[in-house]
Amino acid sequence: MAAAVNLLLLFMGYYYLDIHVLAISAKKFAESGVSPYEWCERPLCSPEYRWYVYPPLPFLIVAPFYALHPGPLAERLFVKIPALLGMALLTHVLRKLGWSNRRTLAFVWLNPYFLYTATLRGNFDTLCVALMLESYLYLREGRAITAGVLGALSVLTKQYTAVILLPLLLSVKFPRKIAEYTISASLVSALVAGPFLLRSPEGFINSTLIFHLGRVPSNYGLLGLKMLGDAAYILWNSAAGLPKGTVTHGGTHSVELLGIVLVLPLALGLLKVSLDAFLGRKEAEETLGTTAALFLTLSKVVNIQYFALLSVLDIGFWEWTLLALSGAVLSLDLAKSLIPLHVAPSTLWIPPVCGLDGTWVDGLSKLIGFILYIPVLRTLLRSLGLVPFKPRGQ
């Protein structure tokens with residue numbers, strides 16, 4: 001059943017923007033050796049070097065498959081290999097933690113959330129989270145060198161796992177293990193990312209760091225209040241008969257300044273949990289869960305795929321389901337992901353449904369997405385001790 005459901009969704013669609021950027025980046029690198037830190041597809045980015053905003057590992061995994069000159073359906077499989085690899089690794093992690101085969105299959109391969117974000121859309125957050133958890137397990141076993149390699153690969157997939165791994169590393173009480181972890185992680189990072197940094201330092205730093213510092217809240221970031229505000233604004237505009245539009249934030253410099261300021265709540269929270277880990281106030285497992293909850297609660301930008309981090313917390317199946325539904329209705333993301341079968345991911349194609357941005361339909365979808373997200377938010381706040389724990393059945 002799991003194989004049938006995943007195969008169906010695998011070829012049914014992909015996320016029209018993120019996966020297009022991954023596909024065209026991998027294809028160009030395979031054909032000409034030019035990395036996405038050196039160029040930008042003009043219709044999609046401004047300013048330059050700010051469209052592929054991830055570390056290099058995802059497009060390096062996909063690029064070799066473009067040597068096969070794939071057709072549209074084969075492309076859909078190839079660009080989702082990082083996401084599927086992450087699901088396979090997550091299966092291995094759960095089995096290593098003692099989960100039964102049946103429970104593991106249900107959690108990973110029949111979970112509505114992973115079916116939506118990974119199998120259908122192709123988001124590769126499953127890969128960075130699975131590598132992060134593998135790093136944790138090897139570190140727990142005292143195999144710091146292997147843990148460092150896996151930790152580096154996690155960060156080379158998506159940057160935010162560095163936020164989770166730093167407090168975890170500080171919870172280790174053996175300086176030799178910390179040194180082994182750091183050295184192995186640094187060597188792997190230098191080997192994979194070093195050539196791109198040396199070849200295009202400005203593009204690499206802008207894409208992987210500066211762009212993210214300057215971003216303003218979006219989707220579920222900072223408790224989802226931005227999403228709720230946008231929903232109210234759009235619905236008010238529609239009811240008043242005003243032109244469709246979204247909330248504006250002023251000029252470019254004010255946007256970047258606001259984005260940097262809004263990093264502070266998360267930075268202060270991470271400082272607190274890192275200090276607790278270093279002083280031995282929290283065990284490694286508690287540090288891992290607390291840091292993940294802190295990131296998902298206070299980060300200014302939290303997209304639906306980031307919630308793969310909830311794998312480190314104990315949340316119910318119904319919450320995973322609500323989260324998948326929330327992402328599917330938020331800004332009509334499900335409709336945007338159902339791309340016609342003849343369209344390849346490397347083909348620039350923006351679905352007509354995007355024309356509904358700023359209309360009452362868009363506002364209503366954001367509102368529904370926020371409401372469906374509330375139970376997950378409550379779980380996150382409870383994990384941070386900000387909401388009292390309520391035992392089951394009460």
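In this predicted model, the count of salt bridges comes to 12. One of them joins the side chains of Arg-176 and Glu-180, with a nitrogen-to-oxygen distance of 3.1 Å. Because Arg-176 and Glu-180 are 4 residues apart in helix α11, about one helical turn separates them. Arg-176 itself is exposed, its relative accessible area being 64%.

A salt bridge is also formed by Asp-230 and Lys-226, whose closest N and O atoms are 2.5 Å apart. These two residues belong to helix α13, which covers residues 225-239, and they are 4 residues apart, about one turn of the helix. Asp-230 has a relative accessible area of 9% and, since buried means under 20%, is therefore classed as buried. In helix α19 (residues 360-383), Lys-366 and Asp-362 likewise lie 4 residues apart, about one turn of the helix, and they form a salt bridge in which the closest N and O atoms are 2.8 Å apart. Both Lys-366 and Asp-362 are buried. Beyond these pairs, a network of salt bridges links Lys-96, Glu-141 and Arg-143.

Helix α11, which contains the bridge between Arg-176 and Glu-180, runs over residues 175-199 and comprises 25 residues. The distance from its first C-alpha to its last is 34 Å, close to the 36 Å expected at 1.5 Å a residue. The helix nevertheless bends by about 50° at Ala-193, and a proline, Pro-195, follows within four residues of that position. The buried residues of α11 are Tyr-181, Ser-184, Ala-185, Val-188, Val-192, Ala-193, Gly-194 and Phe-196, so that Ala-193, the residue at the bend, is itself buried under the cut-off of 20% relative accessible area. The elements that cover the buried residues of α11 include α2 (18-32), α3 (57-62), α8 (125-140), α9 (144-155), α10 (161-170) and α12 (201-214).

Aromatic rings form a further set of contacts, and the count comes to 26 aromatic pairs. One of these is the pair of Phe-29 and Phe-196, which is tilted, with 5.9 Å from centre to centre and 55° between the planes. This pair links distant parts of the chain, given that Phe-29 lies in helix α2 and Phe-196 in helix α11, 167 residues apart. With a relative accessible area of 22%, Phe-29 is partly exposed, whereas Phe-196, at 10%, is buried. Another pair is formed by Phe-107 and Phe-114, whose ring centres are 5.9 Å apart and whose planes stand at 65°, so this pair is edge-to-face. Both Phe-107 and Phe-114 are buried. Phe-29 and Phe-196 also take part in one aromatic cluster, together with Tyr-37, Tyr-52, Tyr-54, Phe-59, Phe-124 and Phe-204.

Positively charged side chains are also placed over aromatic rings in two cases described here. Lys-28 lies over the face of Trp-39, at 4.6 Å from the ring centre, while the charged end of Arg-103 sits over the ring of Trp-99, at 3.7 Å from its centre.

Proximity between residues far apart in sequence was examined for Glu-286 and Lys-282. Glu-286 lies in helix α16, which covers residues 284-298, and with a relative accessibility of 41% this residue counts as partly exposed. Although Glu-286 and Leu-168 are 118 residues apart in sequence, their C-alpha atoms are 9.2 Å apart in space. Lys-282 is placed in the loop between α15 (264-278) and α16. At 18% relative accessibility, Lys-282 counts as buried, because the class takes in values under 20%. The C-alpha atoms of Lys-282 and Ser-171 are 7.6 Å apart, while 111 residues separate the two in sequence. When residues up to four places away in sequence are not counted, Lys-282 touches Val-273, Asp-276, Thr-287 and Thr-290.

Definitions and conventions
Residues numbered from 1 in each chain as written. Predicted model: local features only at pLDDT ≥ 70, side-chain atom pairs only at ≥ 80, totals over all residues. Heavy atoms only, no water. Expected span 1.5 Å × (residues − 1). Bend = angle between axes of the 7 residues up to and from the residue. Buried < 20%, exposed > 50% of the residue type's maximum accessible area, 1.4 Å probe, protein only. Contact = heavy atoms within 4.5 Å. Phe/Tyr/Trp six-rings, centres within 6.5 Å; stacked < 30°, edge-to-face > 60°. Lys NZ or Arg CZ within 6 Å of the ring centre and 35° of its normal. Salt bridge = Lys/Arg side-chain N within 4 Å of Asp/Glu carboxyl O.
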